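Colleague: I have just opened this one and would like a guided tour. Could you take my questions as they come?

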Amino acid sequence: MIYPFNGNHPKISPTAFIADHVTISGDVEIGDGSSIWFNTSIRGDVSPVVIGRKVNVQDNCVLHQSPNLPLILEDGVTVGHQVILHSCHVHSKALIGMGSIILDGAEIGESAFIGAGSLVTQGKKIPPFTLAFGRPAKVVRKLTEEDIRDMRRIMNEYAEKAQYYKSLQSNI
């Protein structure tokens, strides 16, 4: 379901895949090649939500924001299943592990990896190319080349799956 809110209509690239049972409302922008997976809710009814290119937001995620604090996902971000993102900024090619919560004003650096089930508290800054984990999340180490390759593999696999599912939608 796609809803306008107070005159703001979601702007979704025609190359993006939006799965069934996704709800998107208000001031939301979704870039080329991105994918929003089943049962996700993205509400741009308080502040803008900007989702870059080739971003994947996996099943059962919730994206929302506080007044004057947009939610920004730069290009190539992977958001795992059942993640909550609230008025945060996730830099390019970062990975947010499933079940994590990222709160207002938090900033996830380029190619950072947030481990599954983590809580990134309000205003916390996670440096680029690091692994952060825990409740609250703390940086535990620099990423290895293998970590970075695995993150890129996941991003690319979701981009490929999204195009497959998108082709099914056009054939139904």
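Colleague: To start, is N6 buried or exposed?

Modeller: Please keep in mind throughout that this is a predicted model. N6 counts as exposed, because its relative accessible area is 70%, and a residue is called exposed when that value is over 50%.

Colleague: Where does N6 lie?

Modeller: N6 is placed in the loop between strand 1 (2-3) and strand 2 (11-12). Its backbone deserves a look as well, since N6 is a residue other than glycine with a positive phi, near 45°. Most residues other than glycine have a negative phi.

Colleague: Which loop holds Q82, and what is its phi near?

Modeller: Phi of Q82 is near 60°, again a positive value in a residue other than glycine, and Q82 belongs to the loop between strand 10 (78-79) and strand 11 (84-86). With a relative accessible area of 52%, Q82 is classed as exposed.

Colleague: What joins R135 and P136?

Modeller: R135 and P136 are joined by a cis peptide bond, with omega at about 5°. Most peptide bonds are trans. As for its position, P136 is in the loop between strand 19 and strand 20 (137-142).

Colleague: Going back a little along the chain, where is G134 found, and is it buried or exposed?

Modeller: G134 is part of strand 19, which covers residues 130-134, and G134 counts as buried because its relative accessible area is 17%, where the limit for that label is under 20%. F133 lies in strand 19 too, but F133 is classed as partly exposed, at 46% relative accessibility.

Colleague: How far apart are the C-alpha atoms of F133 and A116?

Modeller: The C-alpha atoms of F133 and A116 are separated by 7.4 Å, and these two residues are 17 residues apart along the chain. For G134 and N156, which are 22 residues apart along the chain, the separation between C-alpha atoms is 26 Å.

Colleague: Changing topic, how many salt bridges does the structure hold?

Modeller: The structure holds six salt bridges. Side chains of opposite charge can pair when their charged atoms come close. One of the salt bridges is between the side chains of D147 and R141, at 2.6 Å from N to O, and another brings together the side chains of D45 and R43, at 2.9 Å from N to O.

Colleague: In the D147 and R141 pair, which residue is buried and which is partly exposed?

Modeller: D147 is the buried partner, with a relative accessible area of 17%, whereas R141 is partly exposed, with a value of 36%. In the other pair, R43 also counts as partly exposed, at 36% relative accessibility.

Colleague: And which residue does R153 form a salt bridge with?

Modeller: R153 forms a salt bridge with D150, and their closest N and O atoms are 2.7 Å apart. R153 and D150 both lie in helix 1, three residues apart, which is about one turn of the helix. Salt bridges that share partners also link D150, R153 and E157 into one network. As to cover, D150 counts as partly exposed at 33% relative accessibility, and R153 counts as partly exposed at 38%.

Colleague: Which residues make the nonpolar surface patch?

Modeller: Y164, Y165 and L168 make a nonpolar surface patch of about 290 Å². L168 lies in helix 1, and L168 is partly exposed, with 34% relative accessibility.

Colleague: Last topic, then: what volume does the largest pocket have, and how many residues line it?

Modeller: The largest pocket has a volume of about 150 Å³. Its lining is made by 13 residues, and Q58, G80, L95, G97 and M98 are the ones that lie nearest the centre of the pocket.

Colleague: How do the residues of that lining divide into nonpolar, polar and charged?

Modeller: The lining of the largest pocket has seven nonpolar residues and six polar ones, with no charged residues.

Colleague: And which strand and helix each supply at least two residues of the lining?

Modeller: Those are strand 13 (95-96) and helix 1 (145-170), each of which supplies at least two residues of the lining of the largest pocket. Helix 1 is a place to revisit on screen, as it also holds L168 of the nonpolar patch and the salt-bridged residues R153 and D150.

Key: Residues are numbered from 1 along each chain as its sequence is written. This is a predicted model: local features need pLDDT of at least 70, side-chain atom pairs count only at pLDDT 80 or more; totals for chains, interfaces and linings use all residues. Side-chain values use heavy atoms; hydrogens and water are left out. On a 1 Å grid over the protein atoms alone, a cavity is a set of points where a 1.4 Å probe fits but cannot get out, and a pocket is an open set with protein on both sides within 12 Å along at least five of seven lines; lining residues have an atom within 4 Å of a point. Grid points are joined across faces, edges and corners, and a volume is the space filled by probe spheres set on the points. Helices (H or I, at least four residues) and strands (E, at least two) are DSSP runs, numbered from the N terminus. Ala, Val, Leu, Ile, Met, Phe, Trp, Tyr, Cys and Pro count as nonpolar, Asp, Glu, Lys and Arg as charged, and the others, Gly among them, as polar. Patches are made of residues with over 30% relative accessible area and no salt bridge: like charges are joined within 9 Å, nonpolar side chains (Val, Leu, Ile, Met, Phe, Trp, Tyr) within 5 Å. Accessible areas come from the Shrake-Rupley method with a 1.4 Å probe; for residues, only the protein chains shown count as cover. A salt bridge is a side-chain nitrogen of Lys or Arg within 4 Å of a carboxyl oxygen of Asp or Glu. Buried means under 20% relative accessible area, exposed over 50%, partly exposed in between (1.4 Å probe, protein chains only).
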